Amino acid sequence: MGRIPRQRDIFDRKAVTEALRMFPSEPLEVVLAPTLAIYSALVPDPAPERTLGVYLLGRGVIVLRAPRTDMAGNWDPRGVLKHELVHAVIDMSVRRPVPRWLHEGMAILLSGELGYLDEARLDWLAVGGRLIPWNGLVHRFPPANVSRALPHPQAPPLLRFPSPRAGA
C-alpha cells in the first residue's frame, strides 16, 4: 500500500494556487540539496550561500537547502518551500515575464513571511532616506547597486499601493 499523503504535504500547493487563483497542471520537481556544495552547483546564483531556496524560472524546479546546511538552523523549510511555490505557480501560470518585485511581493505575502519587524524595517529605511525609487524597483529587482536584502521589505507594500509614488 502506498503512502497516504498527510494534509500538510498537499496543503501548501493547494493554498497557494487557490490564493493566486492560478492552477497550473505541469508537474513541479522539488530538490532538497543535502549539502551546500550540491545546492551551490544546482543554483545559478552568484551567492547561493545567502539563499535558502530558489525556483528555477521556466524549468519547473524548486531547489531547497537542507536545514542541516545552515549552522544557525533557525528557519523552517516549509516556509521557504511555500515562498518558492508562489514563484512556481506564477511562472507556470502566466508564461510571460512578470516583474520581479511582483514575484517577491506575492511570495513574501502568501508565505506568511511578512511580520511587524518588516514594517519597522520599512519605516527605518524611509526615515533614513534609503528607500529605493520606483524606477529602481521596477526596471531591475533588486537594483544592481544595493544589497539583495534591501528591496525585499518594499515589495509587499508595492502590491498594496502600486503607483509611481510608491518607493519614491
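Okay, a quick bit of vocabulary before we start: when I say helix, I mean a DSSP run of H or I that is at least four residues long, and helices are numbered from the N terminus. Also, keep in mind that what you see above is a predicted model.

With that, let's start at helix α5, residues 116–127. It has 12 residues and spans 17 Å from its first C-alpha to its last, close to the 16 Å you'd expect at 1.5 Å a residue. Right after α5 comes G129, with a positive phi of about 70 degrees.

Now, the sheet. It's an open one, made of three strands in the order β1-β3-β2, with mixed pairing. At the edges we have β1, which is 29–33, and β2, which is 53–56, and each of those pairs on one side only. Neighbouring strands here are turned by 15 degrees against each other on average, ignoring direction. If you look at β1 and β3, residues 61–65, they run parallel and are joined by five bridges. One pair to find on screen is V31, whose bridge partner in β3 is V63. And packed on this sheet is helix α3, residues 77–94, touching β1, β2 and β3. The direction of α3 makes about 10 degrees with that of β2.

So what sits inside? In soluble globular proteins, nonpolar side chains tend to be buried together. Here, the largest nonpolar core has 16 residues, and V16, L20, L28, Y55, I62, V86 and A88 are the ones with the most contacts inside it. Helix α1 (7–20), β3 and α3 each give at least two residues to this core. Which element supplies the largest share? That's α3, with seven residues.

Let's zoom in on L28. Setting aside neighbours within four places in sequence, L28 touches R13, Y55, G60, V61, I62, L85, A88 and M92. Apart from that core there's another one, of seven residues, including A33, V43, V54 and V61.

Last thing: how far do we trust this? The protein averages a pLDDT of 75, and 71% of the residues score at least 70. Confidence peaks in β3, at a mean of 92, and is lowest in helix α6, residues 134–139, at 66. Then there are two stretches where pLDDT stays under 50. Residues 1–10 are one of them, and the model gives them three contacts beyond four places in sequence. Residues 162–168 also stay under 50, with 13 such contacts. Where pLDDT is low, the predicted coordinates shouldn't be read in detail.

Notes. Residues numbered from 1 in each chain as written. Predicted model: local features only at pLDDT ≥ 70, side-chain atom pairs only at ≥ 80, totals over all residues. Heavy atoms only, no water. Pairing = 2+ DSSP bridges. Axes fitted to C-alpha atoms, helices over the stretch in contact; angles between N-to-C directions. Contact = heavy atoms within 4.5 Å. Expected span 1.5 Å × (residues − 1). Core = buried A, V, L, I, M, F, W, Y, C linked by side-chain atoms within 4.5 Å. Buried < 20%, exposed > 50% of the residue type's maximum accessible area, 1.4 Å probe, protein only. pLDDT = per-residue confidence, 0-100.
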